[in-house]
Every structure is written in structure tokens, then in C-alpha cells.
Amino acid sequence: MPDGLKLGGGNGICQIGAMRNDIERVLIDEAVIEKRLDAMAVAIERDFPDGTLVVIILLKGALVFAADLLRRISRPLEIECLNVASYHGGTRSSGQVDFLDRHFPEVRGRHVLLLDDILDTGLTLHAVGARLREEGAAAVHAGVLLAKDKPRAVAVTVDYVGFEIGDEFVVGYGLDYQGKYRNLPFVGVLKAAAGSRSYIADPGRPFL
Ligand code: PRP
């Protein structure tokens, strides 16, 4: 049997186990996320005008959230991605939102659903929302998996929020620390010392 078909073995699983060991506590587990996404999908389908929905996914953090949310929507979709960054792998916003793509999606006259993983300072959604309106979008509705309960650096309106969380640095379910942990299936808080670890498989540790 090819390696990819084996269940319960292989390096990938051991390495997820090692990443799990860097988590101080699970904040939102997979089952809770899934249930919340069901409700968010219903609200989005209810609110958007009939017809094709234009969705813009902010890379890279919103990839996992968007993939799971959009599969719950039965409406025809056009999916675009925008590569923007302001944290550059660290735990604090640089304060500057960089658009990393050479091309911007065509949104003139369209109702856009803008998806991001987390609302923190608000700078990212503010900058992208402003750019979408400049490009002629008829309406921009934002949805995030997580919103930190803290004052924003700029005013932003978010139409769909999965969960409100405290002001702590979280990883998993798309969110990273220095590019890692995005593939954890839950949202968790990183142990303070985890930043310097490397991910060497340890077969003795249980999977998740
Ligand atoms: C993170 C996150 C959001 C943004 C939220 O992006 O994915 O896009 O910051 O923070 P804000 O409200 O303070 O702007 P990051 O720059 O880490 O890029 P990534 O999505 O590729 O991880």
C-alpha cells in the first residue's frame, strides 16, 4: 500500500503530535468550530443577494477557515485570493499592510464577501476593504473566524464573526507563528517557549 494510504502511521502524524505539544491549551476545538461554521454559512446565504457570490480570501491565514466555510455554502461562488501581510510571521502587527500580489481581482459592481482568519488591530480588513471600494465593489461584507476583544487601531465593520476571543496570541486552523501551526485542526494558545522548537517526530507522543 502506498505510504499516503496508511492510517495511524507516518511522519506527518508524528509531527502534528509534536506541534500539539507546543500548545499550552486548546481554545476552540474542531467540533465547536464546525458547528459555528454551519451557522455562519446559513447567515451568509440569507444575507447576500441571489446569484453568484464573489469571495475574497486573505492569504494565508484565512485558507483553512475559508475552505471549510465555503463548502457549507450551496450558492455558486467565484473565489479570489489576496496575499496580504502585516505580521511577517511574528506576534505583533507591523502597522503596515502589504499587498503582495501583482494583480487585483476584478470586483467592479460586485457584492464581495471578504474572509480573514482574525481581526486584531483591524488594519488588514480596513486596508483591504478600502482597496475593494476603490476598485468599485458595490458592497463589501467581511467575515472572520476570530475577533479579539480589544480596541481597534482603525474602525472596521465585520458582518460575520465566528468567535470573540481575548487578546492573546493564537495559532492553528490557519493561524501561524513564524509560518508554523497553520495545519493544527483547532485554535490554541502557544506555550511561551515553543517559538524556538524544531519539529522532530517523536513516535512516543500520542497523536493530538
Ligand atoms: C494576520 C491575519 C490577519 C491579520 C489580522 O495576517 O491573518 O490577516 O494579521 O491582524 P490585524 O487586524 O491586526 O490587521 P499576517 O500578516 O500574519 O499574514 P498571514 O495571514 O499570512 O499569516
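**Exercise 1. What covers the buried residues of helix 3?**

Let's start with the ground rules. The model is predicted: local features need pLDDT of at least 70, side-chain atom pairs count only at pLDDT 80 or more, and totals for chains, interfaces and linings use all residues. Residues are numbered from 1 along each chain as its sequence is written.

*Step 1.* Find the elements. Helices (H or I, at least four residues) and strands (E, at least two) are DSSP runs numbered from the N terminus. Helix 3 spans residues 63–70.

*Step 2.* Pick out its buried residues. A residue is buried if 20 or more other C-beta atoms lie within 10 Å of its own, exposed if 12 or fewer, and partly exposed in between, with C-beta atoms placed from the backbone. In helix 3 these are Val-64, Phe-65, Ala-66 and Leu-69.

*Step 3.* Look for their contacts (C-beta atoms, placed from the backbone, within 7 Å). The cover includes helix 2 (30–47), strand 2, strand 5 and strand 6 (139–148).

**Exercise 2. Describe the two sheets.**

*Step 1.* Count the elements: the chain has four helices and nine strands.

*Step 2.* Sort the strands by pairing; two strands pair if DSSP finds at least two bridges between them. One open sheet has six strands in the order 4-3-2-5-6-7, with mixed pairing. Strand 4 (98–99) and strand 7 (160–165) are its edges, each with a single partner strand, so one side of each has no neighbour in the sheet. Inside this sheet, strand 2 and strand 5 are parallel over four bridges, and Val-55 has Leu-113 in strand 5 as its bridge partner.

*Step 3.* Turn to the other open sheet, where three strands follow the order 1-9-8 with antiparallel pairing. Strand 8 and strand 9 (residues 187–190) pair over two bridges, and Val-171 stands opposite Gly-188 in strand 9.

*Step 4.* Add a helix. Helix 4 lies across strand 2, strand 3 (77–85), strand 5 and strand 6, and runs at about 165 degrees to strand 5. For that angle, axes are lines fitted to C-alpha atoms (for helices over the stretch in contact), and angles run from 0 to 180 degrees between N-to-C directions.

**Exercise 3. Map the surroundings of the ligand.**

*Step 1.* Collect the residues near it, meaning those whose C-beta atom, placed from the backbone, lies within 6 Å. There are 18, and the closest are Gly-61, Tyr-87, Asp-120, Thr-121 and Thr-124.

*Step 2.* Trace them to elements. Strand 2 (53–59), strand 5 (111–119) and helix 4 (123–134) each give two or more residues. The largest share, four residues, comes from strand 5.

**Exercise 4. Find the unusual backbone spots.**

*Step 1.* Recall the usual case: most residues other than glycine have a negative phi, and most peptide bonds are trans.

*Step 2.* Check the peptide bonds. The one from Leu-59 to Lys-60 is cis, with omega near -5 degrees, and Lys-60 is in the loop between strand 2 and helix 3.

*Step 3.* Check phi. Tyr-173, not a glycine, has a positive phi of about 50 degrees. Gln-178 also has a positive phi, near 50 degrees.

*Step 4.* Place these two. Tyr-173 is in the loop between strand 8 and strand 9, and so is Gln-178. Tyr-173 is buried because it has 28 other C-beta atoms within 10 Å, whereas Gln-178, with 13, is partly exposed.

How values were computed. Two residues are in contact if their C-beta atoms, placed from the backbone, lie within 7 Å.
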